[in-house]
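Student: Could you go through this one with me? I'd like to ask about the pieces as they come up.

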Amino acid sequence: MAARGLRDKYDHIVLAGAALGAVTGKYPAWNKTFWDHIGLAVDLHDIRKVIVMDHRDCGAYKVILGEDFAKDPAREKRVHGEKLRELAALIKKRHPKLEVEMLLMSLDGKVESIA
């Protein structure tokens, strides 16, 4: 975040599974926590952008979806992309003025944008 010029200028929400954690029906309290935090950040800090970052070889994806997607990196990227886009659409529906950036990070720290 510092490299983006955002040091001390952002709220940080962490959920296991990131995008999946925010949309899964398996843990509805996580959904509520995510939306409550976004609503509060909009109200208190007038946020304009949400950056959602999933990471590869995610244990929550394995547990919640019941499959180890890391064995097939292309499929893993597709599945993360699906969940990231699902969450982005929900964010835009609830908060149309918010921009959403979707990222997927490898365990080596390399980050790629998801469209």
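Tutor: We can take the sheet, then the helices and then some single residues, keeping in mind that this is a predicted model.

Student: Ok, how many strands does the sheet have, and in what order?

Tutor: The sheet is open and has three strands, in the order 1-2-3, with mixed pairing. Strand 1 and strand 3 (111-113) stand at the edges, and because each has a single partner strand, one side of each is left without a neighbour in the sheet. On average, neighbouring strands of this sheet are turned by 30° against each other, direction ignored.

Student: Do strands 1 and 2 run parallel or antiparallel, and how many bridges join them?

Tutor: Strand 1 and strand 2 (residues 99-105) run parallel, and seven bridges join them. Along that pairing, Lys 49 stands opposite Glu 99 of strand 2, and Ile 51 stands opposite Glu 101, also in strand 2.

Student: Which residues of strand 1 are on the covered face?

Tutor: In strand 1 (residues 49-55), the covered face is made of Val 50, Val 52 and Asp 54, while Lys 49, Ile 51, Met 53 and His 55 make up the uncovered one. As background, the side chains of a regular strand alternate between the two faces of the sheet.

Student: And which helix lies across the strands?

Tutor: Helix 4 lies across strand 1, strand 2 and strand 3, and its direction is at about 160° to strand 2.

Student: What span should helix 4 have, and why?

Tutor: Helix 4 has 22 residues, and at 1.5 Å a residue it should therefore span 32 Å, a value that agrees with its end C-alpha atoms, which are 32 Å apart.

Student: Which of its residues are buried, and what covers them?

Tutor: The buried residues of helix 4 are Glu 76, Val 79, His 80, Gly 81, Lys 83, Leu 84, Leu 87, Ala 88 and Ile 91. What covers them includes helix 1 (19-23), helix 2 (28-45) and helix 3 (59-65), together with strand 1 and strand 2.

Student: A histidine on that list caught my eye. Why does His 80 count as buried?

Tutor: His 80, which is found in helix 4 (residues 73-94), has a relative accessibility of 1%, and it counts as buried because that is under the 20% cut-off. If its neighbours within four places in sequence are left aside, His 80 is in contact with Asp 54, His 55, Arg 56, Cys 58, Tyr 61 and Leu 104.

Student: Switching to helix 3, is Leu 65 buried or exposed?

Tutor: Neither label fits, because Leu 65 has 34% relative accessibility and so counts as partly exposed. Leu 65 belongs to helix 3, and apart from residues up to four places away in sequence it touches Leu 20, Ala 60 and Val 79. From Leu 65 to Gly 39, which are 26 residues apart along the chain, the C-alpha separation is 27 Å.

Student: Last topic, backbone angles. Where is phi positive in a residue other than glycine?

Tutor: One of them is Asp 8, with phi near 60°, in the segment before helix 1; at 74% relative accessibility, Asp 8 counts as exposed. Another is Asp 46, whose phi is near 50°, and which is found in the loop between helix 2 and strand 1.

Note on methods: Residues are numbered from 1 along each chain as its sequence is written. This is a predicted model: local features need pLDDT of at least 70, side-chain atom pairs count only at pLDDT 80 or more; totals for chains, interfaces and linings use all residues. Side-chain values use heavy atoms; hydrogens and water are left out. Buried means under 20% relative accessible area, exposed over 50%, partly exposed in between (1.4 Å probe, protein chains only). Helices (H or I, at least four residues) and strands (E, at least two) are DSSP runs, numbered from the N terminus. Two strands pair if DSSP finds at least two bridges between them. Contact means heavy atoms within 4.5 Å. The expected span of a helix is 1.5 Å times one less than its number of residues. Axes are lines fitted to C-alpha atoms, for helices over the stretch in contact, and angles run from 0 to 180 degrees between N-to-C directions.
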